[in-house]
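Thanks for asking me to look this over. Here are my comments as numbered points, to be read with the model open beside you.

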Amino acid sequence: MNILLANPKCVNVLESFGVVFPPLGLLYVAAAAEKAGYTVGVEDFFVSRNTPSRFNFRDYDVVGITSDTRRFPGALEIAKRAKQQGCTVVMGGPHPAFVDDDVLMDGYADFVVKGEGELTFPNLLDTFRGGNDLCHVKGISYLVHGKVMRTAPRELVEDLDSLPFPARHLVDIDAYKRLGMKYGGKRSVASLSTSRGCPNACDFCVTPQMYGRRWRARTPASVVSEIEHVYHDYGYRAFAFCDDNFTASPKRVREICRLIIEKQLDIWWWSLSTTSTLLSNEDMVSLMAKAGARTVYIGVESPDPDALKEFNKNKEADASSKAVALLKRHNLEVFASYILGGINDNTGAILRTIRFARSLDTSVAQFTILTPYPGTALFDKLKNRLRHKKWRLYDGTHLVFKHAHVPFVPMELLLIWAYVSYYARGWRALKGFLKAFVRNALLLKLFGGKAH
C-alpha cells in the first residue's frame, strides 16, 4: 500500500517573503506510518514545482491531507484531484476535524481524522489492509449510508517521547533552506515541537479542543536529542519552538537550557510564553538568554481588562508591560501580538490598543482582527453572525463576522492604521522593524494563528 501525505499551498504576504518551513505535523504522521511498516511519500505543494492539477495521484492508494482554516481551499483541491484518480482520501488537521460533516457530505474525503494523527492514521491503514471493521478505529469520521459516523475519541498521546522524530528525510530540506528566509540573513530556521496542549482556554484558540487542556511535554533529553539531530544531520543553527506555551514548566525549560549549554550547541532560538510565567521566573529568562534564546513571543491582545476577560485570557492587565521590560533587560527581542475588533470593541478601544502597542515598543508588533475559527469557543459564539464561510479569508486580516460596533471597511482601515502608526514612528522604528522582520519572519508564520 503506497501512501502520500500532502501539504496544501497557501499564498499570502508571508509566503511572498519566502517564509517557508517543512510541515512538521505531517512529518510526525509520516514517521508514525513508516514505523508501522508503510511506504510513505510527502508532497509539499508550497515548495514543490508540482500543482495538484498536474500531480499523478494514481501512484498512491491512500492520500492524507492536512489543513488549517485558511489553507482549506487548497486542501480541497488536492482532495478533489486525488478522488478523481481513484485514491482513498483522508483529511486531518485543525480545520477538517471541526467541519467533518461538510467534508464528508460534499464528497471531498472518505475519512476525517480528528485530533492527533500519529496513532489514528496507522491504525486506519491497518484496518484498510486487513479489511477490518472501521468502527473500531478511534478518532475518525466517515459516511455510512449517507450519514456521518463518528467513532469514539482517540486518547491523546501520553508519552510524547515515544513518537519518532518527524520524517524530515522525506522532504527536500535544501529546498526549504533555499526558499526560506534566514535569521539575521545567516541562519536557516528549523521548527520543533516539544509539547502539546494548553491549560488555558482562550476563546479564540483551537488548541484546547484539538490537543486538550492538559499540557503534555517531551523530556529535556528528548528535546535536545532532536536539536542535535537537526543540528548535525541537516545543518540548522536556528530553531523555532512552535509549542503554544514552551515555558509551561520552568523546570523543564531550565534543564533544556542547561543541556544546550553543556553540549555547546551554537544555536539561536524562539519560543512562546505567557507573561505570568516570565514574571515569576526571571532566573529562567536569564538562562534562556545564555542558552541562545533570541526572541520571545507573548500574546498581549489588549490593554483592556474587560477585553481580556471577554477573550477568557487569564492575566493581569499590567503583566504585558512588566514582561516586556523583563525581556528587554535580558536583551531578548519581544514579539507581541494584539487583537483588534473584540466583540465589544468600538473604534476608541481599538485605537487605545494601538497606542498601547506603541508604548510597549517591542521589536515586532503583530495586529490581527479577531477571527472565529471552527472548533473555538469564539466560533460557537459568533456562528450566527458570520458574514461568509470563505475560509481563505479567515486569516486575521479580514473581518469575517458582523461586528456590533465597527463595520467591515473601518475595521480594515484600522488594521492598516495599526501597522502604519506602529512602524512609521520614525527611522529608528522602521529600521528596527526591518531588522526584526528578517530575524522573526518565521515566527509570523509559526505563531500567526496562535493569537486566534
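**Notes on the fold, the core and the charged pairs**

1. A good place to begin is one matched pair of residues: Ala6 has Glu43 of strand E2 as its bridge partner. That pairing belongs to a parallel match between strand E1 (residues 2–7) and E2, held by six bridges. Please keep in mind throughout that this is a predicted model.

2. Zooming out, E1 and E2 belong to an open sheet of seven strands with mixed pairing, ordered E2-E1-E3-E4-E5-E6-E7. Which strands stand at the edges? They are E2 (39–44) and E7 (147–150); each has a single partner strand, so one side of each lacks a neighbour in the sheet. From one strand to the next, the twist averages 25°.

3. Now for the helices on this sheet. Helix H3 (residues 72–84) packs on the sheet and touches E1, strand E3 (62–66) and strand E4 (88–92). The direction of H3 makes about 165° with that of E4. Helix H5 (residues 117–130) lies across E1, E3, E4, strand E5 (111–113) and strand E6 (140–144). Relative to E5, helix H5 runs at about 150°.

4. On to the interior. The largest nonpolar core has 126 residues, and the members touching the most others are Met91, Phe239 and Trp269. Phe239 is worth selecting in your viewer: leaving aside neighbours within four places in sequence, its contacts are Val189, Ala190, Leu192, Ile227, Val230, Tyr231, Ile267, Trp268, Trp269 and Trp270.

5. Three of those contacts, Trp268, Trp269 and Trp270, lead to strand E12 (residues 268–272), where five of the five residues are buried. In a regular strand, side chains alternate between the two faces of the sheet. Are the faces of E12 covered or open? Both are covered, with Trp268, Trp270 and Leu272 buried on one side and Trp269 and Ser271 buried on the other.

6. What does E12 pair with? Strand E11 (residues 238–241) runs parallel to E12 over three bridges, and Ala240 stands opposite Trp270 there. Between E11 and E12 the chain passes through helix H9 (residues 250–262), in a right-handed β-α-β crossover. E12 is also joined to strand E13 (residues 293–301), again in parallel, by four bridges. In that pairing Leu272 faces Tyr297 of E13.

7. Two buried polar residues also deserve a look. Thr353, in helix H14 (residues 347–360), counts as buried at 2% relative accessibility. Apart from neighbours within four places in sequence, Thr353 contacts Glu301, Ser302, Pro303, Tyr338, Ile339 and Leu340. Arg216 sits in strand E10 (residues 216–217) and is buried too, with a relative accessible area of 3%. With the same sequence neighbours set aside, the contacts of Arg216 include Glu116, Glu158, Ser195, Arg196 and Tyr211.

8. The structure holds 22 salt bridges. One of them links Asp110 and Lys83, at 2.8 Å from N to O. Asp110 is in the loop between helix H4 (100–105) and E5, while Lys83 is in helix H3, so the pair ties together parts that are 27 residues apart in sequence. Both ends are partly exposed: Asp110 at 25% relative accessibility and Lys83 at 31%.

9. Two further pairs make a useful contrast in setting. Asp68 and Arg71 meet in a salt bridge at 3.1 Å, N to O; Asp68 is partly exposed, with a relative accessible area of 22%, but Arg71 counts as buried at 14%. Arg129 and Asp126 form another, with their closest N and O atoms 3.3 Å apart. Why are these two separated by about one helical turn? They are three residues apart in helix H5, which accounts for that spacing. Here Arg129 is exposed, at 53% relative accessible area, and Asp126 is partly exposed, at 32%.

10. Finally, some salt bridges join up: Asp100, Asp101, Lys114 and Arg150 are linked in a network. If you display the charged side chains, these four can be viewed together as one group.

Key: Residues are numbered from 1 along each chain as its sequence is written. This is a predicted model: local features need pLDDT of at least 70, side-chain atom pairs count only at pLDDT 80 or more; totals for chains, interfaces and linings use all residues. Side-chain values use heavy atoms; hydrogens and water are left out. Two strands pair if DSSP finds at least two bridges between them. Axes are lines fitted to C-alpha atoms, for helices over the stretch in contact, and angles run from 0 to 180 degrees between N-to-C directions. Contact means heavy atoms within 4.5 Å. A nonpolar core is a set of buried Ala, Val, Leu, Ile, Met, Phe, Trp, Tyr and Cys residues joined through side-chain atoms within 4.5 Å. Buried means under 20% relative accessible area, exposed over 50%, partly exposed in between (1.4 Å probe, protein chains only). A crossover is right-handed if, with the strands pointing away from the viewer, the path from the first strand over the helix to the second runs clockwise.
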